[in-house]
Every structure is written in C-alpha cells, then in structure tokens.
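Work through the exercises below with the model open. Try each task before you read its solution.

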Amino acid sequence: MRDPRAGEIAFREWHDRWWNARIVEPHTLRGDASSIKNHVMPYWAEWEMRAITRMDVQSWIRSLVEKGAGPAAIKRAYNLTSSIMRAAVDDDVIAVSPCRSIDLPPIAVKPPQWFTPDQAQSILDGLAPAWRTMCLLGFYTGLRWGELSGLHRHRIDTRRSRLFVVEVNTKSGIKEYPKSSKSRREVPLPPHVLEALERHIHRLDRDAVVFTTITKGRSGRLLADSNWRRQTWWPIVEAAYHFGDDGELQFVPHYPPHSMRHTCASWLVQRGVSLYEVQHLLGHESFQTTQRYAHLQPDAHKAVLGAWERMETPLTIVA
C-alpha cells in the first residue's frame, strides 16, 4: 500500500535520486543536465511531488513558451520531467503522473537537405583519397556519420557486396547498437562503391576500424566528429562548385556531413524505391522519419493531377 506521506518529498530531492540511478551515455547526460538546469529546476525544485497537477505542468510549458524557449528545448525538458514523474509512480511516491495530455508547441519539420549528383561529385573530387572513399560510401549507403567512422573491416562482406552496421563511433568511443535496434542492419553496396572500398581496406587488419585519422604522427585514431567537420568537410564544401541548370557556376550548398544520408534517401526515393525500403536501409526506428522524403516520389502528385484532368467541366477564366 502506498504511503501518502511519500509524496511530500521535494521535486529536487526526488530528481537527485532518479538522476543517480540513470544508465545513459555520457554525452546524453551532459545535454540532459543542461536542460534540467535551465528549464526544469528553476520552476519545480521546491515543489512537493504530490502537489504537482496536470494543469501545473501545462502552466509550466506555457511559461517556457513565453520566455522564448524553442519547441525542441521544451520537448526535451518535458520528456525529462515526464520520466522523473513516471519513476515516482513506479516507486509509489505519487499515485499518478501529472505529465499526461499535455499540449507542447509544435516542432517544425524541416525538409531534408540533399545534394544533386553534380554537387556530390564536386565534393568528392576535392577530398583526399581516404575521405573520398568514406564519403562515396556515405552517399550510396546513407550511413550516419558515427556509423561510417565506426565501421570495422570484418563488417564488410566483399563476396556478397554487403556491409553490416553493428558498431557506431560516439563521443564515448565505439559501442555496439542493441541487438533489438533497427539501426543494426545489412546494407547493399553498388559494384563501384565496393571496388573503392576494397582498395581502401586491403591492407587493414580484420578487426581494424576502416576510417581513422591520417594526420602524420597521429594516424590510426578514431575520428572526432567536430574535428573532421572543421578540418576536412567544411573546407571542401566551401570551395566546391558546380554548374547550375542555367549553366552558371555556383557554389555547393553549405550542408553538413549528415546531408550525405539525406542525399542517399532522396536519390533512392526519386528513382522509385519505396519509403519502406528506404526506412530499412537507413535504420529509421519510425516510419514518420522516412516520410519526410515522400514529396520526392516520382508519382507523389500523380493522383491529384489525374483527378483534376478527369474533371468534366474545369473552371476557367477569361484571358
């Protein structure tokens, strides 16, 4: 039976117990700590857990909106608070969570940023051979940057032209995806990509990481995302150019490395590959994530245009 006095504990005190019991990645902890410090504790710290109602939570969300916090920041703060409350219910501190049926500000979904083949080729041409192979693989497999930089030699099946996504390079080092994760997957390799990859890996040990640092005196180390962007990606992208549809010379869009993944998905969808196939290839947990590319399907508007064409007496205006 739940002790009604258990809910007298202050939010801050319950948060500390919850925080110390969490098992998450260090970089996730850092982001969560910042969110709690800036958006959660200033409002809830001294409240008794039992005193917090659903309407109090909704009022807190309203206050964050009025202070100018962004939708994504608000969602993260709310999700953390909701997790704290669920743990309190599980431990019989409170009877029911106040984090239910809460309206959050909508997060605008940005259309994916992707390169045209000419733009991608311009980027590849400017890269050093090792990075050229890595980015070629990125454009044709849609691997996340951490998956590219965490790929091991023995995960490449040259006989079957496949690679297996198992490990990922994180700020905390190499880790394996959970076996239940959709991020674990088999990815096919086009012949020309496999050929370039074979040239790159033929001298590597079986258990070696495929793409590592190449700086003299510091070679063979795991890549760091921020350093690789600053030293390799951005200088090449900022200098790359292509010829636009009008024949004029244009600079390549200033997109981050993750856009290689968007580019892969966009090219496939434009060539008629189903969204479900793309979801599996990219390892998306949610189909909603993949649906961002739906507007690129060749027949995306075919049904709509066909309906208008079948209209017996279309509206007209006098020229």
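The exercises cover salt bridges, a sheet and a helix.

This is a predicted model: local features need pLDDT of at least 70, side-chain atom pairs count only at pLDDT 80 or more, and totals for chains, interfaces and linings use all residues. Residues are numbered from 1 along each chain as its sequence is written, and side-chain values use heavy atoms, with hydrogens and water left out.

**Exercise 1. Salt bridges**

Task: Find the salt bridge partners of Glu 48, Glu 66 and Arg 144, and state how buried or exposed the residues are.

Solution:

1. Fix the rule. A salt bridge is a side-chain nitrogen of Lys or Arg within 4 Å of a carboxyl oxygen of Asp or Glu. The count by this rule is 16 salt bridges.
2. Fix the burial classes. Buried means under 20% relative accessible area, exposed means over 50%, and partly exposed lies in between (1.4 Å probe, protein chains only).
3. Take Glu 48. Its partner is Arg 50, with the closest N and O atoms 2.8 Å apart. Glu 48 is partly exposed at 31% relative accessibility. Arg 50 is partly exposed at 48%.
4. Take Glu 66. It bridges to Arg 62, with the closest N and O atoms 2.9 Å apart. The two are 4 residues apart in helix α3 (residues 54-66), so about one helical turn separates them. An α-helix has 3.6 residues a turn, so residues three or four places apart point the same way. Glu 66 is exposed at 56%, and Arg 62 is exposed at 54%.
5. Take Arg 144. Its side chain meets that of Glu 147 at 2.6 Å, N to O. Arg 144 is partly exposed at 22%. Glu 147 is buried, with a relative accessible area of 1%.

**Exercise 2. The sheet**

Task: Work out the strand order of the open sheet and which strands stand at its edges.

Solution:

1. Set the terms. Helices (H or I, at least four residues) and strands (E, at least two) are DSSP runs, numbered from the N terminus. Two strands pair if DSSP finds at least two bridges between them.
2. Pair the strands. β1 and β2 are antiparallel over 2 bridges. Strand β2 (residues 162-165) and β5 are antiparallel over 4 bridges.
3. Read the order. The 3 strands run β1-β2-β5 in an open sheet. β1 (156-157) and β5 stand at the edges with a single partner strand each, so one side of each has no neighbour in the sheet.
4. Match residues. Ile 156 has Leu 163 of β2 as its bridge partner. Asp 157 stands opposite Arg 162 in β2. Val 165 is partnered by Arg 185 in β5.
5. Check the faces. In β5 (residues 185-188), Arg 185 and Val 187 point to one face and are buried, while Glu 186 and Pro 188 point to the other and are not. In β2, Leu 163 and Val 165 form the covered face, and Arg 162 and Phe 164 the uncovered one.
6. Return to charge. A network of salt bridges links Asp 157, Arg 160, Arg 162 and Glu 186.

**Exercise 3. Helix α9**

Task: Compare the span of helix α9 with its expected value, then locate its bend.

Solution:

1. Compute the span. The expected value is 1.5 Å times one less than the number of residues. The 15 residues of α9 (residues 225-239) should therefore span 21 Å, and the end C-alpha atoms, 20 Å apart, agree with this.
2. Find the bend (the angle between axes fitted to the seven residues ending at a residue and the seven starting there). α9 bends by about 40° at Trp 233, and Pro 235 follows within four residues.
3. List the buried residues. Among them are Trp 228, Trp 233 and Val 237.
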